[in-house]
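Here are a few exercises to work through with the viewer open. Try each one yourself before reading the solution.

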Amino acid sequence: MSCEILITIMNIKSILAVAAVAAFSSPVLAGPYVGVDTKSKFTGNNYGSTEFTGKIGYAGAFGEGGTKYFVEGGPHITVADGGDDTTELRINTGLAFALTDSVGAKIGGKFTSNEGGDNKYEFLTGIKYSF
């Protein structure tokens, strides 16, 4: 195993440990946080890639029971099957708010750098009905 891969694995384990401590030590979902997301892609039984997204962020609300917000950023690493690994910067932000007692809405945006190419942008919206 190469030194770079070992260091990356050790960094990911450290981030996971901090995320676990942060998640279980804070009873409130407001304030700073850290986390890691992973996503592996397959087509049929052929492995394509795995993505790791490390994030440091801040979440809160405007007023008591008001609109919730978050902003987060960090590295986005793609490990492709048989290809080169890439590391980009990802920044996410969003708002969530109540439309009625049972219906909520959310809106967000995402920016991902793209070394040697055009940057990637996403605009996200959603509605949720709670029973």
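**Exercise 1. In which strand is the place of E51? Then work out its burial and its charged partners.**

Keep in mind that the model is a predicted one.

Step 1. Start with the location: E51 sits in strand β2, and β2 covers residues 46–61.

Step 2. Next, burial. The relative accessible area of E51 is 10%. Buried means under 20%, so E51 counts as buried at its 10%.

Step 3. Now look for lysines. E51 and K39 form a side-chain salt bridge at 3.7 Å, N to O. This pair links distant parts of the chain, with E51 in strand β2 and K39 in strand β1, twelve residues apart. K39 itself is partly exposed, at a relative accessible area of 44%.

Step 4. There's another lysine to find. The side chains of K41 and E51 meet in a salt bridge of 3.0 Å, N to O. Here too distant parts of the chain are linked: K41 belongs to strand β1 and E51 to strand β2, ten residues apart. K41 is partly exposed, with 37% relative accessible area. The side chains of E51 and K41 are also joined by a polar contact of 3.0 Å.

Step 5. A bit of background helps here: side chains of opposite charge can pair when their charged atoms come close.

**Exercise 2. How far apart are S40 and E51, in sequence and in space?**

Step 1. Place the serine: S40 is in strand β1.

Step 2. Compare the separations. Along the sequence, S40 and E51 are eleven residues apart, while their C-alpha atoms are 6.3 Å apart in space.

Step 3. Check the pairing of the strands that hold them. β1 and β2 run antiparallel and are joined by 13 bridges. For a concrete register point on this pair, take D37, which stands opposite T53 in β2.

Step 4. Finish with the exposure of S40: it counts as partly exposed, because its relative accessibility is 42%.

**Exercise 3. What is the order of the strands in the open sheet?**

Step 1. List the elements. The protein chain has one helix and six strands, and from the N terminus on they run α-β-β-β-β-β-β.

Step 2. Trace the sheet. It's an open sheet of six strands in the order β1-β2-β3-β4-β5-β6, with antiparallel pairing. The edge strands, each pairing on one side only, are β1 (31–43) and β6 (120–129). From one strand to the next, the twist averages 20 degrees.

Step 3. Look at β4 and β5. Nine bridges join this antiparallel pair, and the two strands form a hairpin with four residues between them. If you want a register point, the bridge partner of I91 in β5 is F111.

Step 4. Move on to β5 and β6, which run antiparallel with ten bridges between them. Here G104 stands opposite K128 in β6.

**Exercise 4. Which residues make the nonpolar surface patch of about 710 Å²?**

Step 1. Collect the members: F62, L95, F97, L99, I107, F123 and I127 make the patch.

Step 2. Map them to strands. β4 (86–98) and β6 each supply at least two residues of the patch, and I107 is found in strand β5, residues 103–112.

Step 3. Test one member against the patch cut-off. Patch residues need over 30% relative accessible area. I107 is partly exposed at 34%.

Step 4. For context on the whole chain, buried residues make up 20% of its 131 residues.

**Exercise 5. How many salt bridges does the structure hold?**

Step 1. The total is five.

Step 2. Find a pair towards the other end of the sheet. The side chains of E122 and K110 meet in a salt bridge at 3.8 Å, N to O. E122 lies in strand β6 and K110 in strand β5, so this pair ties together parts that are twelve residues apart in sequence. At 40% relative accessibility, E122 counts as partly exposed.

Step 3. Now look for a network: D37, K55 and E72 are linked by salt bridges. D37 has already turned up, as the residue opposite T53 in β2.

Key
Residues numbered from 1 in each chain as written. Predicted model: local features only at pLDDT ≥ 70, side-chain atom pairs only at ≥ 80, totals over all residues. Heavy atoms only, no water. Pairing = 2+ DSSP bridges. Axes fitted to C-alpha atoms, helices over the stretch in contact; angles between N-to-C directions. Patch = residues over 30% accessible without salt bridge, like charges linked within 9 Å, V, L, I, M, F, W, Y side chains within 5 Å. Areas by Shrake-Rupley, 256 points an atom, 1.4 Å probe, with all protein chains shown as cover. Salt bridge = Lys/Arg side-chain N within 4 Å of Asp/Glu carboxyl O. Buried < 20%, exposed > 50% of the residue type's maximum accessible area, 1.4 Å probe, protein only. Polar contact = N/O pair within 3.5 Å; in protein donor to acceptor, adjacent residues only side chain to side chain.
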